[in-house]
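Here are a few exercises to work through with the model open beside you. Try each task before reading its solution.

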Amino acid sequence: MEREDALKSLGIIQDMVKQTRKEVDRSGPFLILWGFLVFVACIVQHWLVISGVRHDAPYITLWLVNNSIGALGSIIIGIRMQRSSPGRIVNSLGKKIGGIWAITVGSIISLGVLSGFKLFPPQHVWALATLFSGVGLVATGLFTEQRVWIVLGILCIPMVVLMFIYPMAQFLMFGMFFGVSYMTVGIQSNRSRKRDEANKTLYS
């Protein structure tokens with residue numbers, strides 16, 4: 001009896017992991033969108049820095065426009081996905097991953113705000129943002145049992161070291177690393193999602 005209960009519990013856990021992995025795969029369009037926006041914005045910011053722009057207005061405008069485009073795009077993607085699969089249920093693992101990323105993004109935004117008000121050293125913002133993002137990546141990989149997330153999260157550690165060594169180029173490194181990484185994972189998630197949808201259609 002105990003063996004049967006254990007096997008049943010294991011099956012439930014495996015189903016939850018599988019369902020959570022599918023939920024993460026649905027985030028592909030968001031990852032591609034934000035990866036591209038971060039990549040472009042960080043390159044533009046690096047260009048502003050090496051061009052000698054010292055006023056805050058261009059940098060603030062850059063990120064306001066960038067985040068506005070990202071927010072609008074995310075809303076549009078979210079509405080389209082909601083229409084394609086109404087009544088979708090997110091399990092407890094999915095909610096935990098969402099909570100982890102909410103804390104991660106909230107921490108990064110808080111660092112940016114504190115830096116803007118001169119309450120936190122701006123030269124450390126991007127390095128710590130990378131570290132926080134790495135925690136989110138590793139947690140996502142562990143919950144969904146997907147190695148690519150874990151590998152990207154671990155790679156954040158040497159990236160943080162490089163950012164402290166070369167602080168003037170840390171936003172460029174952040175943009176290139178996360179921009180390319182998010183777009184790569186997003187494309188992979190899209191392929192996995194479409195493959196699951198094709199299989200579901202085939203066997204339905």
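## Aromatic cluster and helical core

One aromatic cluster is made up of W63, W126, F171, F174, F177, F178 and Y182. Keep in mind that the model is predicted.

**Exercise 1. Describe the fold of the protein chain: how many helices and strands are there, and in what pattern?**

Solution. Start by counting: the protein chain has 7 helices and 0 strands. Reading along the sequence then gives the pattern α-α-α-α-α-α-α. Next, look at the contacts with a separation of 6 or more: 76% of them join residues 24 or more positions apart. Finally, of the 204 residues in the chain, 35% are buried.

**Exercise 2. Compare the span of helix α5 with its expected span, and find what follows the helix.**

Solution. Helix α5 covers residues 125–144, which is 20 residues. The expected span is 1.5 Å times one less than the number of residues, which for α5 comes to 28 Å. From first C-alpha to last, α5 reaches 29 Å, close to that expectation. After α5 comes E145, with a positive phi near 60°.

**Exercise 3. Classify the ring pair of W126 and F171, and decide whether each residue is buried or exposed.**

Solution. The chain has 6 aromatic pairs. In the pair of W126 and F171, the centres are 6.4 Å apart and the planes meet at 70°. Planes over 60 degrees apart count as edge-to-face, so W126 and F171 form an edge-to-face pair. This pair joins distant parts of the chain, with W126 in helix α5 and F171 in helix α7, 45 residues apart. For burial, the cut-off is under 20% relative accessible area. W126 has 15%, so W126 is buried; F171 has 8%, so F171 is buried too.

Now apply the angle test again: the planes of F177 and F178 lie at 85°, with ring centres 5.0 Å apart, so this pair is edge-to-face as well. Both F177 and F178 are buried.

**Exercise 4. Which residues touch the most other members of the largest nonpolar core, and which helix gives the most to this core?**

Solution. The largest nonpolar core has 27 residues, and L137, F174 and F178 touch the most other members. The elements giving two or more residues to this core are α2 (28–50), α3 (56–84), α4 (92–116), α5, α6 (147–165) and α7 (170–203). Helix α7 gives the most, with 7 residues. To finish, follow F178 outwards: beyond its neighbours within four places in sequence, F178 is in contact with G35, T130, S133, L137 and C156.

Conventions. Residues are numbered from 1 along each chain as its sequence is written. This is a predicted model: local features need pLDDT of at least 70, side-chain atom pairs count only at pLDDT 80 or more; totals for chains, interfaces and linings use all residues. Side-chain values use heavy atoms; hydrogens and water are left out. Helices (H or I, at least four residues) and strands (E, at least two) are DSSP runs, numbered from the N terminus. A nonpolar core is a set of buried Ala, Val, Leu, Ile, Met, Phe, Trp, Tyr and Cys residues joined through side-chain atoms within 4.5 Å. Buried means under 20% relative accessible area, exposed over 50%, partly exposed in between (1.4 Å probe, protein chains only). Contact means heavy atoms within 4.5 Å. Rings of Phe, Tyr and Trp (its six-membered ring) pair if their centres lie within 6.5 Å; planes under 30 degrees apart count as stacked, over 60 as edge-to-face and the rest as tilted.
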